[in-house]
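Open the structure in your viewer and keep the selection tool at hand. We will go stop by stop.

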Amino acid sequence: MAATAVRRLAYSSLPVLYLLHNDLWFWYDGSRFLGLPIGLTYHVLFTASVVLAMWWLVRSAWPAAELDRLATGPGSPQPANAGEGEARSPEGEG
Amino acid sequence: MTLTIILGYLLAVLLIGAWSSRRLAATGEDFFVAGRTIGPFVLLMTLFGTHMTSFALLGASAESYRVGIGVFSLMASSSALMVPVVFFFVGARVWAVGSRLGLLTQVQFVRARWGSDGVGLLLFVVLVVLLAPYLLIGVMGGGITLQQITDGAAPPWLGSLLICGVVIGYVTSGGLRGTAWVNTFQTGMFMLLGAVTAILIVTKLGGVGAALDRVAASRPDLLIRGDSIDPLRLLSYTLIPLSVGAFPHIFSHWLSARQAATFKAPIVLYPVCIAVVWIPSVLLGVFGNIDFPGLEGPASNSVLIRMIALYTPDLLAGLLGAGVFAAIMSSLDSQSLSLGTMFTQDIVRHYRWGWRTQRVPPDSAGPAVRRGRGGGRLSRFPGRRTEHLRALGVVVHRLCLPVARRRRGALLAAQHGRGSGRRDRHRDRPLDLVLRSRVRSAGLQRGRDRRDAGGGHLRRLGRGAGCRFPARQTARRRAGSALYPMTGADQPLRIAYLAAGAGGMICGSCIHDNALVRALQQRGHNAVLLPIYTPLRTDEENVSYGRVFYGAVNIYLEQKLPLWSRAPAGLRRLLDNPRLLARVTRSAAATDARELGELALSMVRGEAGRQLAELQGLARWLGDEFQPDVVHLTNSMLLGMVHHLREVLPRALIVCGLQGEDIFLEDLEDPHRSEVLAEMRRRVREVDVLVAPNEYYAAAMAELLDLPLSRIDVARLGIDLEGHGNRTAEPAESPLIMGYLARMCPEKGFHLAAEAFKELSDRLGPGRVRFRAAGYLGGRDRVYFELQRRRIADWGLEPHFEWLGEVDRQQKIDLLHGVHVLVLPTVYREAKGLPALEAMANGVPAVLPDHGAFPEMLEMTGGGTLVPAGDVSALASAVEELGADADRRAQLGRSGLQGVRRHYTARLMASDTLASYRRGLRRRAAGAAT
């Protein structure tokens with residue numbers, strides 16, 4: 001899959017998670033799942049899925065180019081990789 | 001025992017703070033944002049610890065005691081999603097911008113972005129007012145916690161005093177680095193102790209299942225969300241964590257990151273931390289109903305502490321008490337530090353309370369220098385790289401045109417990359433007054449002439465300012481049997497001059513066009529200056545017409561929505577309203593190069609482009625209302641109009657000026673650049689006359705447009721000398737005063753002037769040189785300018801630097817009268833160089849780069865010296881030499897003044913232009929005759 005498509009997919013996971021957070025379906029359900037009330041278990045699993053989504057996001061949609069551009073914007077002498085903190089010699093700044 | 005453990009913990013915290021102070025460098029940046037060196041783990045822990053106050057332990061358990069498990073979804077999992085999202089989309093970007101500009105607080109961001117002192121001050125007040133309660137709650141919470149843990153043995157004030165003393169101790173000794181380290185320790189403490197406590201208590205309750213059974217027996221409503229939380233509340237609570245970046249202490253920690261990628265760990269692992277802290281807290285709160293049912297009000301807030309006292313030994317109670325203290329302090333310290341940072345940076349330093357001349361150590365020059373490369377100086381921007389980068393400010397300006405904030409409008413910045421700092425002296429006056437003054441000043445006829453001038457149409461246009469055009473030369477036209485009767489040197493011409501406005505910016509092209517049209521009018525010609533894209537801004541009497549053609553909003557909409565061209569004409573005209581255009585184009589925003597390329601291509605394709613409706617409207621107006629003898633396009637980016645205008649106005653001479661296109665074209669990306677250039681080369685052959693402002697630019701454009709040089713006439717640049725040339729004496733010999741008068745942007749080389757100022761100060765000694773600068777500062781160049789100003793401050797030269805901002809005509813002249821030398825070290829090949837002419841017109845020698853229009857200008861005037869472009873040392877040396885030689889300055893000043901009077905007046909410019917018109921008309925007449 002093209003990188004752009006993956007990136008878009010990663011971004012689109014965020015509104016999906018936002019919707020999933022509002023779990024109307026377990027509102028009055030007092031049953032247990034994995035030893036906890038299902039309403040709590042759901043949100044624990046939800047939190048775990050957020051971890052996975054964020055990992056995916058920073059891995060496939062990290063805006064490195066944009067951050068570089070912001071970090072080396074108008075008036076800045078920094079090279080393109082300055083946003084990633086690489087060393088730069090004063091001679092190279094010109 | 002408990003008190004001993006807590007005191008031991010506080011001592012440990014102080015030691016960590018003291019240890020961190022060993023690495024503290026004596027710079028503000030290091031103290032306030034740890035020199036931007038915080039790594040991913042510490043950033044994660046400190047962000048989490050700072051964001052999670054003691055509420056995560058005490059409040060969460062108390063809330064779940066009352067409400068049940070729903071608290072986790074309400075407050076924890078919503079934060080687990082939204083906070084990392086804010087880190088991802090906002091935090092990393094804030095870091096990047098803050099790192100580049102050396103910003104330390106939110107107020108500085110606001111001031112750098114909008115340049116408003118007042119808004120910054122207002123934000124400061126708002127932040128302090130909102131943050132103060134947090135601080136107080138933390139201090140009070142420390143007192144109450146200690147009182148409860150010690151069963152009332154320790155009074156509340158003791159706990160508050162302890163917590164204040166410890167926090168102030170390690171914050172002041174270690175700065176943000178110390179705070180971050182302590183926070184990391186404390187966050188680890190309360191996470192670990194919270195988990196251990198939960199395990200111990202749950203074990204004593206017989207396990208999670210057994211405890212849940214007991215709760216279910218008495219309070220089953222606590223194991224569901226039920227009616228205690230309604231869905232709308234859950235939905236709205238998810239929005240609360242979006243405010244995380246608004247907290248000054250979180251903001252400070254963002255800025256302390258070592259690099260953008262440092263944010264990755266907090267983004268991914270923040271939800272893990274949430275789960276580790278909140279799951280035990282929520283469960284313990286719910287389980288509190290087993291042994292302590294029926295607690296209400298404030299009593300329920302202490303349910304966790306009661307459980308600890310009941311189930312855990314003294315040792316753990318003491319440790320958990322320390323954990324609660326840790327949770328409180330981990331927020332309190334960052335809040336205190338951020339308040340201190342704001343007060344120091346945004347008030348004391350900003351308003352220079354107490355240290356006007358303080359020097360910042362060299363290694364604090366800014367993050368751009370310090371991050372990961374061991375000091376040094378800020379490099380020049382754009383320096384040698386810029387030959388191809390071409391000054392980002394210009395690119396941005398071009399990419400952004402006027403309509404901008406919402407990316408409407410784009411092309412018009414094309415020819416406005418240059419220009420001295422000026423402003424419309426009418427800017428504060430209602431537009432109708434401006435228009436009236438323009439009409440009066442233009443010497444245009446009113447009243448009875450209106451009939452001859454097509455009064456019916458003009459009344460319909462409803463400008464309310466009388467007729468804009470002198471009576472048509474109907475008698476002359478009737479008498480003229482020849483097809484092209486206007487070739488006689490004594491015949492007044494009807495000239496429609498199409499000039500591109502530049503939104504809120506005052507540009508050299510606008511000033512040039514305005515001065516030319518004024519001079520043509522003064523010579524008796526019926527010249528009208530028609531704004532394209534936006535109204536024009538000048539610092540002289542503005543003679544432009546009150547209607548804008550090719551309104552920036554409309555051309556953008558036509559580009560994006562092809563059907564827009566079929567919108568009702570009335571609606572489209574509404575969007576061409578000059579006031580509206582002036583307002584929406586006041587601040588420019590970036591448009592990407594591809595988008596700009598598409599628009600430029602469409603524009604230059606004229607009748608085949610998407611702006612055909614605009615072209616037809618313009619041609620119709622010219623044909624119906626004005627019937628010009630000459631249509632003069634300000635630059636060749638308007639060549640797309642030529643073919644259609646030729647069809648509608650077959651007798652009109654089509655003239656195309658040349659100014660600034662080369663830079664614009666260079667900034668386009670292929671394939672658009674090639675396509676635009678090919679289209680221009682094709683269409684330029686339909687033009688009758690091409691006019692450049694100097695020999696240099698004529699040659700450059702001949703090559704670019706693939707034309708023989710003989711096709712391009714030169715109508716030398718000119719300025720209106722009114723008010724210039726009255727300098728009676730130079731300023732005092734010492735200190736040497738170097739002036740800069742141009743837009744504050746990279747392409748004009750302000751950074752080079754600043755570096756020359758530093759070098760001169762190094763050579764001559766501080767205080768022996770002053771630097772006075774003035775010029776228009778566009779929104780997109782603010783960051784650049786702030787960076788340069790910061791460098792000057794870091795060099796300790798701020799007391800000797802004076803920035804006058806945008807100046808009006810008189811202020812500009814006053815500035816020139818008050819300097820010994822003017823520098824204009826443009827990094828690109830300047831096509832005009834108006835400020836240099838203005839300096840010479842006031843007897844001020846100019847030091848100019850040896851490229852673009854300047855060599856020719858100095859050859860003609862002898863009013864200055866050339867230095868190698870981009871060579872700061874040479875620039876400084878030239879200024880130094882002139883500064884030391886009053887006779888030489890006087891000689892150059894006299895020569896420059898005479899040269900300008902002899903070669904560069906608006907009247908001469910008009911003469912040259914008229915000569916070109918006449919030649920073109922004669923050629924056309926001759927061609928028609930044969």
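Which residue in β6(B) stands opposite Ala692(B)? Select Val714(B): that is the residue facing Ala692(B). Keep in mind throughout that this is a predicted model.

**Stop 1: the strands around β5(B)**

Select residues 689–692 of chain B, which form strand β5. Now add strand β6, residues 712–714 of chain B. The two strands run parallel, paired over 3 bridges. To get from β5(B) to β6(B), the chain passes through helix α32, residues 695–704 of chain B. This β-α-β crossover is right-handed.

Next, add strand β4, residues 653–657 of chain B. β4(B) is also parallel to β5(B), and 3 bridges join them. Pick Gly657(B) and look across to its bridge partner in β5(B), Val691(B).

Are the faces of β5(B) covered or open? Both are covered. Val689(B) and Val691(B) are buried on one side, Leu690(B) and Ala692(B) on the other.

**Stop 2: helix α32(B)**

Color the buried residues of α32(B): Tyr696(B), Tyr697(B), Ala698(B), Met701(B), Ala702(B) and Leu704(B). Then show what they pack against. The list is α30 (661–667), α31 (672–683), β5, β6 and α37 (854–861), all of chain B. Step just past the helix to Asp706(B), which has a positive phi of about 60°.

**Stop 3: the cores**

Nonpolar side chains tend to be buried together in soluble globular proteins. Zoom out to see the largest nonpolar core, with 140 residues. Select Met54(A), Trp62(A), Phe48(B), Trp254(B), Trp278(B), Phe287(B) and Met329(B), which touch the most other members. Helix α5, residues 70–101 of chain B, gives this core its largest share, 19 residues. A separate core holds 56 residues, including Leu596(B), Phe626(B), Met641(B) and Ala698(B).

**Stop 4: helix α3(A)**

Move to residues 64–71 of chain A, helix α3. Its buried residues are Leu67(A), Asp68(A), Leu70(A) and Ala71(A). They lie on the same side of α3(A), because their arc around the axis is only 165°. Rotate to the other side, where Ala65(A) and Arg69(A) are exposed. Show α5 of chain B again: it is part of what covers the buried residues of α3(A).

**Stop 5: Ser877(B)**

Finish in helix α38, residues 872–884 of chain B, and select Ser877(B). Its relative accessibility is 23%, so Ser877(B) counts as partly exposed. Add Val867(B), 10 residues away along the chain. The C-alpha atoms of Ser877(B) and Val867(B) are 9.2 Å apart.

Technical notes: Residues numbered from 1 in each chain as written. Chains lettered and ligands numbered in written order. Predicted model: local features only at pLDDT ≥ 70, side-chain atom pairs only at ≥ 80, totals over all residues. Heavy atoms only, no water. Buried < 20%, exposed > 50% of the residue type's maximum accessible area, 1.4 Å probe, protein only. Helix = DSSP H or I, 4+ residues; strand = E, 2+ residues; numbered from the N terminus. Pairing = 2+ DSSP bridges. Right-handed = clockwise from strand over helix to strand, strands pointing away. Core = buried A, V, L, I, M, F, W, Y, C linked by side-chain atoms within 4.5 Å. Contact = heavy atoms within 4.5 Å. Arc of directions from axis to C-beta.
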